[in-house]
Amino acid sequence: MNETAAARRKLLVVEDDPGLQTQLKWAYEDYQVFVAGDHDTAIELLRAEEPDVVTLDLGLPPDPDGTREGFRTLKTIVEAKPDTKVIVVSGHGERASALNAIASGAWDFYQKPIDIDALGLIVARAFHVRELEVENARLASQGARDNRVLGGMITGAPEMLKVARTIERVANLDVSVMLLGASGTGKELLARGLHEASARRDGAFVAINCAAIPENLLESELFGHEKGAFTGAVKTTEGKIELAHGGTLFLDEVGDIPLPLQVKLLRFLQERTIERIGGRKAIAVDTRIVCATHRDLDAMLAAQSFRDDLYYRLAEMVVKIPSLAERPGDAVLLARHFLHQYAPEMNPGVRGFAPDALQAIDEARWPGNVRELENRIKRAVIMADGKLVTRGDLDMAGAAEEEEDMWLNLRSAREAADRVAIRRAMTQSEGNISHAAKLLGISRPTLYDLLKQYRMHG
């Protein structure tokens, strides 16, 4: 590294001995060195200059012969700027102080008396490690951006990339699009991405969840109403369809629209005009319809609870959204994104995932899809005590119990199959253990063990 780059590195020396302050400042002239002799000055400089590395003498006033003030300063530094590499310097109780310092968040420990060259190597290594962390964070952030499709969705799975490419291809074709997929798979995000990729991007994107609005209010929400149309209609109100004029209307959970309202929606799709409740004037509306549902529309069509003519109007292009379990690698990719999204505000000390946490995330089925994963990561970030989120922080016991139940079921099935096979072999051999073992392809001792284990008498 050249001298200019090295000089940009900021080093804070927390030391109350004036002679040692001068010596350290002179020894580390390649860095920007800031010196503090007490807790308050150290924290003031930490916040003002944001140094990447701090050397901290534990013996600070008003307790220069003890470690209490030094550990208080260490605690404050770690809480205020967790990324800082703190090198604790002390001659007090070598082993006990070292263990306590590392446990309290120090990056390294150096015992007095100070050897300038040796301490200098530790300081240089601390800067190097910090720079690697910054670069890794930059690359991780770049990686997240590189894995974004349709302006927002994060994925690296071929199955999801195929969906994104399909939506991008139909974005500028003025056809109705139906998104089919389970709850939490990102249907609204994809609908918004379709809108932003289309020629209607400058118009409004209006979303409505048809399942979240009571049936008696849904018509008014969609088509609007005139003043006085019903009790409480104190003013004329435009509906969602009208508000989406020139843009895109996203009908989420379209399968929950009641049959009488399906007729009115079909009429709009055929004529491209609406009438507000209580109104008599036809209003022309130019809006593109994108809809979504997690319901089985084929079954609803067969049961005649969803009109087939409406379905064909809405489903000019059908796109099936894979579940998170069908998108290999995406759970970990999304988990890292959510951690970096929530940690700065909710728990700044959290920096990543422990290996066991990543394994649990990758192996889980995530029945609630991305929404469940996001909620789980948010909770884990809040609950984490260390820099890395662990499997315990994720509270994956439920998944582990489900897996254990599966193995228990397998063991039960295996035992039942063993019993049937042993019983048949014993019958065919007329109780002869040697013959029965030969029929089963196992040794006599093994058969004896199985008979004992399953409490079957030969």
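This is a short tour of aromatic pairs, charges over rings, a nonpolar core and a surface patch in a predicted model.

**Stop 1: a stacked pair**

Start with the aromatic side chains. The structure holds four aromatic pairs. Select F205 and F250: these two rings are stacked, with 6.3 Å from centre to centre and 20 degrees between the planes. Colour by secondary structure and you can see that this pair links distant parts of the chain. F205 belongs to strand β9 (residues 205–209) and F250 to strand β12 (residues 248–252), with the two positions 45 residues apart in numbering. Are these rings buried or exposed? F205 has a relative accessible area of 15%, so it counts as buried. F250 is buried too, at 0%.

**Stop 2: an edge-to-face pair**

Now move to Y311 and Y312. Their ring centres lie 5.4 Å apart and their planes meet at 75 degrees, so this pair is edge-to-face. Switch on a surface and look at each partner in turn. Y311 is buried because its relative accessibility is 14%, whereas Y312 reaches 58% and is therefore exposed.

**Stop 3: a ring cluster**

Next, select Y28, Y31 and F127 together. Ring pairs join these three residues into a cluster.

**Stop 4: charges over rings**

Show K264 along with F223. K264 lies over the face of the F223 ring, at 4.6 Å from the ring centre. Then pick R272 and F268, where the arginine sits over the face of F268 at 5.4 Å from the ring centre. Keep F268 selected, as the next stop comes back to this residue.

**Stop 5: the largest nonpolar core**

Which residues touch the most other members of the largest nonpolar core? They are M178, I241, L251, F268 and L314, in a core of 33 residues. To see where the core comes from, highlight the elements that each supply at least two of its residues: the strands β8 (177–180), β9, β12 and β15 (288–293), and the helices α9 (215–223), α11 (259–271), α12 (297–302) and α13 (308–314). Helix α11 gives the largest share, with five residues. You have met β9 and β12 already, as the strands that carry F205 and F250.

**Stop 6: a nonpolar patch on the surface**

Finish on the outside. Select M346, I382 and M383, which make a nonpolar surface patch of about 260 Å². M383 is part of helix α16 (residues 369–383). How accessible is M383? Its relative accessibility is 44%, so M383 counts as partly exposed.

How values were computed: Residues numbered from 1 in each chain as written. Predicted model: local features only at pLDDT ≥ 70, side-chain atom pairs only at ≥ 80, totals over all residues. Heavy atoms only, no water. Phe/Tyr/Trp six-rings, centres within 6.5 Å; stacked < 30°, edge-to-face > 60°. Helix = DSSP H or I, 4+ residues; strand = E, 2+ residues; numbered from the N terminus. Buried < 20%, exposed > 50% of the residue type's maximum accessible area, 1.4 Å probe, protein only. Lys NZ or Arg CZ within 6 Å of the ring centre and 35° of its normal. Patch = residues over 30% accessible without salt bridge, like charges linked within 9 Å, V, L, I, M, F, W, Y side chains within 5 Å. Areas by Shrake-Rupley, 256 points an atom, 1.4 Å probe, with all protein chains shown as cover. Salt bridge = Lys/Arg side-chain N within 4 Å of Asp/Glu carboxyl O. Core = buried A, V, L, I, M, F, W, Y, C linked by side-chain atoms within 4.5 Å.
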